[in-house]
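Here are my notes on this predicted model. Please read them with the structure open.

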Amino acid sequence: MWIIFAVLSAVFAALTSILAKIGIDGVNANLATAIRTVVVVGMAWGMVFLTQAQKGISEIGRKSWLFLILSGLATGASWLCYYKALQLGDVSKVVPIDKLSVVFTLILSFLFLHEDFTVKSLIGCILIGAGALTMVL
């Protein structure tokens, strides 16, 4: 089931880039990010209440709160940079560079989470990096 959600995530991410590029025309990138964020917050809390997951909020530990907040800050920084890049550049060049996050994630997961970094992972990272570079040049 995870693969279905992963593919849907990729499709929605693609739509995000195209819709954002169209919507950001003549709009300040920070304002556009704020509008997008309000929509995402509304959707996320809507799903929390729809699934009655709000009951678990009191069970969240300090460590989880800290890292969820840090993750939120990283997401915000990413979105602000992404929208500014979309405003200044072509989607076809911004998105491949943004997808280098896959390479950075694999490296960071190896360093901080001690996940396996295999030959297959290394080859994938090289190919993603080369693909992004090829698309941008």
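1. Start with the lining of the largest pocket. H1 gives the most to it, with ten residues. The elements that each supply two or more lining residues are helix H1 (2-23), helix H2 (29-50), helix H3 (62-88) and helix H5 (101-112).

2. How many residues line this pocket in total? The largest pocket is lined by 28 residues. Nearest its centre lie Phe12, Ala13, Thr16, Arg36 and Val40. The volume of the largest pocket is about 1000 Å³.

3. Now the chemistry of that lining. Of its residues, 19 are nonpolar, six are polar and three are charged.

4. Next, the largest nonpolar core. Ten residues make it up: Ala20, Ile24, Ala29, Ala32, Tyr82, Tyr83, Leu86, Val91, Val94 and Val95. H2, H3 and helix H4 (91-98) are the elements that give two or more residues to this core.

5. Look at Ile24, one of the core residues. Setting aside residues up to four places away in sequence, Ile24 touches Ala29, Ala32, Tyr83 and Gln87. Among these partners, Ala29, Ala32 and Tyr83 are listed in the core too.

6. Is Ser17 buried or exposed? Ser17 sits in helix H1. Its relative accessible area is 5%, and the cut-off for buried is under 20%, so Ser17 counts as buried. Which residues does Ser17 contact, leaving aside neighbours within four places in sequence? They are Tyr82, Leu86, Val91 and Val95. Those four partners are members of the largest nonpolar core.

7. H3 deserves a check of its geometry. It has 27 residues, and at 1.5 Å a residue these should span 39 Å. The end C-alpha atoms of H3 are 39 Å apart, so the expected span and the model agree.

8. Which residues of H3 are buried? Trp79, Tyr82, Tyr83 and Leu86 are. The cover over the buried residues of H3 includes H1, H2 and H4. Tyr82, Tyr83 and Leu86 also belong to the largest nonpolar core.

9. The same check works for H5. Its twelve residues should span 16 Å at 1.5 Å a residue. The end C-alpha atoms of H5 are 16 Å apart, which agrees.

10. One backbone detail to look up. His114, just after H5, takes a positive phi of about 55 degrees.

Note on methods: Residues are numbered from 1 along each chain as its sequence is written. This is a predicted model: local features need pLDDT of at least 70, side-chain atom pairs count only at pLDDT 80 or more; totals for chains, interfaces and linings use all residues. Side-chain values use heavy atoms; hydrogens and water are left out. On a 1 Å grid over the protein atoms alone, a cavity is a set of points where a 1.4 Å probe fits but cannot get out, and a pocket is an open set with protein on both sides within 12 Å along at least five of seven lines; lining residues have an atom within 4 Å of a point. Grid points are joined across faces, edges and corners, and a volume is the space filled by probe spheres set on the points. Helices (H or I, at least four residues) and strands (E, at least two) are DSSP runs, numbered from the N terminus. Ala, Val, Leu, Ile, Met, Phe, Trp, Tyr, Cys and Pro count as nonpolar, Asp, Glu, Lys and Arg as charged, and the others, Gly among them, as polar. A nonpolar core is a set of buried Ala, Val, Leu, Ile, Met, Phe, Trp, Tyr and Cys residues joined through side-chain atoms within 4.5 Å. Buried means under 20% relative accessible area, exposed over 50%, partly exposed in between (1.4 Å probe, protein chains only). Contact means heavy atoms within 4.5 Å. The expected span of a helix is 1.5 Å times one less than its number of residues.
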